[in-house]
Amino acid sequence: MIWGIFKRDMCHATRNVIAVIVSMGLVVVPALYAWFNIAASWDPYGNTKALKVAVANNDKGYKSDLIPVRVNVGETIISTLHANDQLDWQFVKSDKAIDGVKSGEYYAAIVIPKGFSADMMTLFSPDIKHAQLKYYLNEKINPIAPHITDQGATTVVNTIDKTFAKTIAQVGLDLASSILHYSQSPQMAKYMRNLNGNLTTMADTLSGASQQVTSYSQLLGSANDIVDSTGKLLASATKAGKQAQNALKQGKSGATSLTSAGANVTSSVNTALDQVSGAFDQVAAKVNKAFDAIGKDSDTAASQLATLSEQISSGESLYDTYITSLNHMRESVEQLPDSDSAKQALLEAIDREITLLEAAKGDSQKLAQQLKDASTQVTQDTAAAERSRKEILNRITSAKQSISNVRDDYATNVKPKIDALASTVSTLISQTDSMITQLSGTADGLDDVTGDVGTNVTSIRSTLGAIAKKLDSSAATVKELITKLETGGNAGDGNSDGGNGGNDASSSDSGESDELRALATANASTLSTLISAPVALHRVSVYPIANYGSAMAPFYTILSIWVGAIILCAMLKVTISDREKAHVLGLGDTLPRIAGPSGPGNASRWGLRLDHEYFGRYAIFALLALLQGTLVCLGDMYFLGVQANHALQFLAVGWLAALVFSNIVYTLTVSFGDIGKAVAVVLLVMQVAGSGGTFPIETLPKFFQMLYPFLPFPHAIDAMHAAMAGSYGNEYLLDMVYLALFLIPSLLLGLVLRKPVIRLNNWVSRNLESTKVM
């Protein structure tokens, strides 16, 4: 039954020339639709040079006071754009550019303001201004043109950035090169020697200054210690002054006592010395009496002499007492200040008095010894005793004279000086008392001053220490600079001599000079270009597509196949007439009356079931759809040159898409009539927006992202992309399976769900035909 229907449909489609032409048209029209769109979008961004974009330069330029180089970025931009063919650049005045954008003559306009270069050069000043271009855009002319002209404006901005960086770098490199050449001149060598000398002097001066500051800090430290000690000393002086005042009060009474004591001593000394002198007269008489008794009673004489010897020996303590008193007086006099004129004379007088007393004591001792010796001789030798008598008497006379000398010297030399000393001490005590009173007041006033001075000195020392460190650091920096300058100079001399003029140390440092020289002598333009754009983008294409037309081919190809399916349903009948059914069944030209009204399934009693009618009529639709898909795909590959790394897979996608799309549209039409055709057009519109063929699915609204898996377009387009550029894993096979699965709901609707709506569809068709318009 199916074959019979298909065979009669093919006979009718090729019965005359018009039918053949129409059949051919049904196959070709979808291909033309795809090819025109693919060819039109083959390289749209490569033809942007026809888009007119106006450029107006009002830049006045900039010239630095430091570096005499004039910079005009606007002129540089214009020169660069003259060589740029991405867009149709129109170089006009700013008024015309703005008016041209408003009128639609230009798609966009770029106006370079007057202070553009000056604003850019504020990069090197504290007050940085952002240089701005004025960009005018007419967005109503074309939806895509603004994006293309935006790309052109971005190109201009990138060109400005690179040009500016290149200009600055080139100026810097040229300046470095000039400085390097000048540094190798004899004049510069002389300047360098003078500079090194001046820097050496400066370093020495800084080091000396640091040492002076350090010494001054140490001196202040010592001064601080002195101030602290002074404070303590003043405190002690205050306390000692009070003690001294008490002592002076005692000294005043002591001075008075000294005067009276001097008088008493004088009286006592005179009395004692007179007594000693009288005693010696008595001793002389007793000696003569003893010696006169030698012949009569020698023993008595001896006893008397011995007794005299003991008496004289016991009188020696008087000399010792007097000598001790004079020594104590001498110690007191030594405590007087050296500036006292009476001190030294008194000391000499006391020393002389002590000497005379010691001489008198010696005479007494010798006299006692002679008396003792005489006491033993009187009993043995009378002649010797007589000689001893004379010697003893002479010794007594000598002793009396010594005592007389002591008394006279004391009265003449010692006593007047003691009196003068007492007077001097009294005056000194009065003066000292006044001075201590003043010192005590001064010490109280200076006590607070020393505390403040100590605090200030500590702060000053801290500051001086920091200054000394900075001076040392500056001196070290200057010395390091001298070393670098000398190293650079030696390296330069070695190069100019052409030999090994430098030592190993300088040769290692000359590497930096060689690198600087190589940098300065290199091509400034090349280096400045590198500096202006140090990073280059290396594109690595994964599954590369040859061109924009090939990238858009899957979308337009799949779209044209769906359009072809709609055209087939619009031009061909989806229902079979009763006459055709009768011919297929062999019943003549008409069905028997018992078949009932004309419609689907009315010949089922003779064996022509509803599914026979469905597949029998769909067969010609499927054949023409396959021809459409084949022609479109072959034309893409061999007429337009669309990239297809896997041609057979590319064709297979076209064939499967033709079958699936034609079946869906055929089912909708055969089930719902003209309403089905309208649904097919609605599905077409929905898939154009939500298929991901133009924009990525992720950029579409949420509704389309959710709808995406339930539309056949995306799977067909993805499968065709995989056939064109390569498949990742089973990507191609999965997309083909997903696409084929859409046949299941379509066949379910055409074979099962169609039966309940047949009467409804017939009723709708009769009502539409009754309008005589539809």
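This passage describes the fold, the nonpolar cores, the salt bridges and a few individual residues of a predicted model.

The chain of the predicted model is built from 23 helices and six strands. Of its 774 residues, 37% count as buried. Contacts across the sequence are well represented: among contacts with a separation of 6 or more, 77% are made by residues 24 or more positions apart. The chain exposes about 43,300 Å², and carbon and sulfur atoms supply 58% of that area.

A good place to begin inside the fold is its nonpolar interior. In soluble globular proteins, nonpolar side chains tend to be buried together. Here the largest nonpolar core has 62 residues, and the members with the most contacts inside it are Ile-558, Trp-562, Phe-621, Phe-661 and Tyr-666. Several helices contribute to this core, with at least two residues each coming from α1, α2 (17-40), α14 (548-571), α16, α17 (647-672), α18 (674-690), α20 (712-725) and α21 (731-740). Trp-562 gives a view of the surroundings: leaving aside residues up to four places away in sequence, Trp-562 touches Phe-661, Ile-664, Val-665, Ala-680, Leu-683, Leu-684, Gln-687, Pro-712 and Phe-713. Apart from the largest nonpolar core lies another core, of 18 residues, and Tyr-322, Leu-347, Ala-349 and Ile-418 are among its members.

Tyr-322 also leads to Ile-354. These two residues are 32 residues apart in sequence, while their C-alpha atoms are 8.5 Å apart in space. Ile-354 belongs to helix α10 (residues 341-377) and counts as buried because its relative accessibility is 9%, below the 20% limit. Beyond residues up to four places away in sequence, the contacts of Ile-354 are with Ile-323, Leu-326 and Asn-327.

Charged side chains tell a further part of the story. The structure holds five salt bridges. In one of them, Glu-580 meets Arg-8, with an N to O distance of 2.7 Å. This pair links distant parts of the chain, since Glu-580 sits in helix α15 (residues 578-585) and Arg-8 in helix α1 (residues 2-13), 572 residues apart. Glu-580 is buried, with a relative accessible area of 13%, whereas Arg-8 is partly exposed at 24% relative accessibility.

Helix α1 takes part in another such link. Arg-617 forms a salt bridge with Asp-9, and the closest N and O atoms are 2.9 Å apart. Here too the pair joins distant parts of the chain, with Arg-617 in helix α16 (residues 610-640), Asp-9 in helix α1, and their positions 608 residues apart. Both Arg-617 and Asp-9 are buried. A salt bridge also connects Glu-613 and Lys-581, whose closest N and O atoms are 3.3 Å apart. Glu-613 lies in helix α16 and Lys-581 in helix α15, so this pair ties together parts that are 32 residues apart in sequence. Glu-613 is buried at 5% relative accessibility, and Lys-581 is buried with a relative accessible area of 0%.

Asp-735, in helix α21, makes a contrast. Asp-735 is buried yet has no salt bridge, and Lys-702, the nearest side chain of opposite charge, is 20 Å away. The neighbours that Asp-735 touches are His-715, Asp-718 and Ala-719, not counting residues up to four places away in sequence.

Another acidic residue, Asp-59, is found in the loop between β1 (52-57) and β2 (62-63). Asp-59 is buried, with a relative accessible area of 8%. A polar atom of the Asp-59 side chain lies 3.1 Å from the backbone nitrogen of Gly-61. Outside the residues up to four places away in sequence, Asp-59 touches Asn-72, Val-73, Gly-74, Ile-112, Pro-113, Lys-114, Gly-115, Phe-116 and Ser-117.

Backbone geometry offers two last points of interest. Most residues other than glycine have a negative phi, and most peptide bonds are trans. Tyr-543 is not a glycine, yet has a positive phi of about 55°. Tyr-543 is placed in the loop between α13 (524-532) and α14 and is partly exposed, with a relative accessible area of 37%. Lys-772 likewise has a positive phi, of about 60°, although it is not a glycine. Lys-772 belongs to the segment after α23 (758-770) and counts as exposed at 75% relative accessibility.

Note on methods: Residues are numbered from 1 along each chain as its sequence is written. This is a predicted model: local features need pLDDT of at least 70, side-chain atom pairs count only at pLDDT 80 or more; totals for chains, interfaces and linings use all residues. Side-chain values use heavy atoms; hydrogens and water are left out. A salt bridge is a side-chain nitrogen of Lys or Arg within 4 Å of a carboxyl oxygen of Asp or Glu. Helices (H or I, at least four residues) and strands (E, at least two) are DSSP runs, numbered from the N terminus. Buried means under 20% relative accessible area, exposed over 50%, partly exposed in between (1.4 Å probe, protein chains only). A polar contact is a pair of N or O atoms within 3.5 Å; within protein, one must be able to donate a hydrogen and the other to accept it, and residues adjacent in sequence count only if both atoms are side-chain atoms. Contact means heavy atoms within 4.5 Å. Accessible areas come from the Shrake-Rupley method with a 1.4 Å probe; for residues, only the protein chains shown count as cover. A nonpolar core is a set of buried Ala, Val, Leu, Ile, Met, Phe, Trp, Tyr and Cys residues joined through side-chain atoms within 4.5 Å. Lys and Arg count as positive and Asp and Glu as negative; His and the chain ends are not counted.
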